[in-house]
Amino acid sequence: MTTFAVYIAHDMTALVSGGVLASPRSPRIVSTLFVVMGAAFAGVGIVAVDVNRLWHDISALALAAMFLGTLIAGPWLLRGMPRSYFAWSWTILAAVVASGLAFATGSFSLTGVETVVFVLTFGWISLFVRFLGVAGQHPAKQDAAPRPDPTSAGRSRGEA
């Protein structure tokens with residue numbers, strides 16, 4: 001995740017410069033959140049619950065706080081992203097909250113919550129990176145691109 005931070009900051013800076021993203025501070029904030037999430041993921045993986053529960057739980061809570069913070073602050077930090085990005089982010093946020101509630105009511109184990117949140121986090125990262133890649137593509141620019149003439153398929157130069 002920390003490696004993604006460099007690429008994300010670069011792509012987001014270009015989107016800010018291109019007028020797609022509204023907040024000039026968003027590249028720095030989002031990439032910092034990714035670095036902290038990466039360090040927290042490492043902490044969860046390196047420090048098992050049975051080795052040191054306190055550090056494992058601190059890492060897990062830091063990861064959850066950064067991830068939820070990124071999702072909740074998304075409309076402010078990522079103003080300009082496609083609406084469908086926000087729909088997916090809110091759906092993932094609801095699934096994370098539902099997983100936590102299932103644990104709180106005793107219907108789900110902590111390991112189950114960690115697994116669900118891990119999968120949802122990496123699923124969201126895939127969506128986020130993909131949406132960053134397409135956010136700067138404007139339909140007007142795509143429509144203006146020259147398209148091959150379907151009637152000339154298979155013909156070589158000079159043939160009519």
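A helix here is a DSSP run of H or I with at least four residues, and helices are numbered from the N terminus. Keep that in mind as you go round this predicted model, because the numbering tells you where each stop belongs.

**The whole chain**

Start with everything shown as a cartoon. The protein chain has six helices and zero strands, so from the N terminus on you will read α-α-α-α-α-α. Of its 160 residues, 31% are buried.

**Helix 3: a nonpolar patch**

Now select Ile58, which lies in helix 3. Is Ile58 buried or exposed? Neither label quite fits: with a relative accessible area of 38%, Ile58 is partly exposed. Add Leu54 and Trp55 to your selection and switch on the surface. Together with Ile58 these residues make a nonpolar surface patch, with about 320 Å² of accessible area in total.

**Helix 3: a salt bridge**

Stay on helix 3 and show Arg53 and Asp57 as sticks. Both residues sit in this helix, four residues apart, or about one turn. Arg53 forms a salt bridge with Asp57, and the closest N and O atoms are 3.3 Å apart. The salt bridge count for the model comes to one. Try colouring the two partners by accessibility: Arg53 is partly exposed at 46% relative accessible area, and Asp57 also counts as partly exposed, at 23%.

**Helix 5: a buried aromatic**

Next, move to Phe128 in helix 5. Why does Phe128 count as buried? Its relative accessible area is 0%, and the label applies because buried means under 20%. Then select Trp88 and draw a distance between the two C-alpha atoms. Phe128 and Trp88 are 40 residues apart along the chain, yet their C-alpha atoms are separated by 9.5 Å.

**The largest pocket**

For the last stop, select Ala60, Leu110, Val113, Glu114 and Val117. Of the 22 residues that line the largest pocket, these lie nearest its centre. About 550 Å³ of space lies in this pocket.

Which helices each supply at least two residues of the lining? Colour helix 2 (26-46), helix 3 (53-77), helix 4 (83-104) and helix 5 (110-135) separately, and you have them. Finally, colour the lining of the largest pocket by residue class: there are 14 nonpolar residues, six polar and two charged. Glu114, one of those nearest the centre, counts as charged, while Ala60, Leu110, Val113 and Val117 count as nonpolar.

Methods: Residues numbered from 1 in each chain as written. Predicted model: local features only at pLDDT ≥ 70, side-chain atom pairs only at ≥ 80, totals over all residues. Heavy atoms only, no water. 1 Å grid on protein atoms, 1.4 Å probe; cavity = no way out; pocket = protein on both sides within 12 Å on 5 of 7 lines; lining within 4 Å. Points joined across faces, edges and corners; volume = space filled by probe spheres on them. Patch = residues over 30% accessible without salt bridge, like charges linked within 9 Å, V, L, I, M, F, W, Y side chains within 5 Å. Areas by Shrake-Rupley, 256 points an atom, 1.4 Å probe, with all protein chains shown as cover. Salt bridge = Lys/Arg side-chain N within 4 Å of Asp/Glu carboxyl O. Buried < 20%, exposed > 50% of the residue type's maximum accessible area, 1.4 Å probe, protein only.
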